[in-house]
Amino acid sequence: MSIAPNSDETIYLVADNSGRNGSTWCKADLERAVETVIQDLLARKYRQPIRVVAFNTAERWSEDVSEDIAREIQHRCNLQLSDVPSHLQEFVDRYAAQDSRQYSLRLV
């Protein structure tokens, strides 16, 4: 018996630092996986996200998508003119490129 899905679905897993209990891998809802991961991260479903990995066993690939997710979180915060939530700051700092961040202009 295989634990891998039988259909051609892309699965997203979030590695989360659960504190004293160590790290865990949490699976996102399949219906809207990327959007679900982003919404769950913003809604603080994960304590301290470490990495996001996507895989598709039917197509035989896997990929670390942490950078894409971090950039999207940064982009959404920029559009809303808000700071990245504190529980995601380390994740975004680790994966989002420096040039994609929005900096405040100092008025003189």
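Which side chains meet in a salt bridge at 2.6 Å, N to O? In this predicted model, the pair is Glu-35 and Arg-76. Glu-35 lies in helix α1 and Arg-76 in helix α2, so the salt bridge ties together parts that are 41 residues apart in sequence. Let's keep that pair in mind and step back to the whole chain before returning to it.

The protein chain has three helices and four strands. Read from the N terminus, the elements follow the order β-β-α-β-β-α-α. Of its 108 residues, 34% count as buried. Among contacts with a separation of 6 or more, 57% join residues that are 24 or more positions apart. The accessible surface comes to about 7,400 Å², and carbon and sulfur atoms hold 48% of it.

Now look inside. The largest nonpolar core has 20 residues, and Val-52, Ile-69, Ile-73 and Phe-91 touch the most other members. At least two residues of this core come from each of β1 (11-17), α1 (33-42), β3 (49-56), α2 (66-79) and α3 (86-95). Ile-69 is a good place to pause: leaving aside residues up to four places away in sequence, it touches Val-34, Val-37, Ile-38, Leu-41, Val-52 and Phe-91.

Helix α1 deserves a closer look of its own. Its buried residues are Ala-33, Thr-36, Val-37, Ile-38, Asp-40 and Leu-41. Their cover includes β1, β3, α2 and α3. Beyond the helix comes Arg-44, which has a positive phi, near 65°.

With the core in view, we can go back to the charged side chains. A search of the whole structure finds six salt bridges. Arg-76, already paired with Glu-35, also forms a salt bridge with Glu-72, where the closest N and O atoms are 2.8 Å apart. Arg-76 and Glu-72 both belong to helix α2 and sit four residues apart, about one turn of the helix. Glu-35, Glu-72 and Arg-76 are thus linked in a network of salt bridges. Both acidic members are partly exposed: Glu-35 has a relative accessibility of 25%, and Glu-72 has a relative accessible area of 26%.

Helix α2 holds another pair worth finding on your screen. Glu-67 and Arg-71 form a salt bridge, with 2.8 Å between the closest N and O atoms. These two residues also lie four apart in α2, about one turn of the helix. Glu-67 is partly exposed at 37% relative accessibility, and Arg-71 is partly exposed with a relative accessible area of 35%.

Methods. Residues numbered from 1 in each chain as written. Predicted model: local features only at pLDDT ≥ 70, side-chain atom pairs only at ≥ 80, totals over all residues. Heavy atoms only, no water. Core = buried A, V, L, I, M, F, W, Y, C linked by side-chain atoms within 4.5 Å. Buried < 20%, exposed > 50% of the residue type's maximum accessible area, 1.4 Å probe, protein only. Contact = heavy atoms within 4.5 Å. Areas by Shrake-Rupley, 256 points an atom, 1.4 Å probe, with all protein chains shown as cover. Salt bridge = Lys/Arg side-chain N within 4 Å of Asp/Glu carboxyl O.
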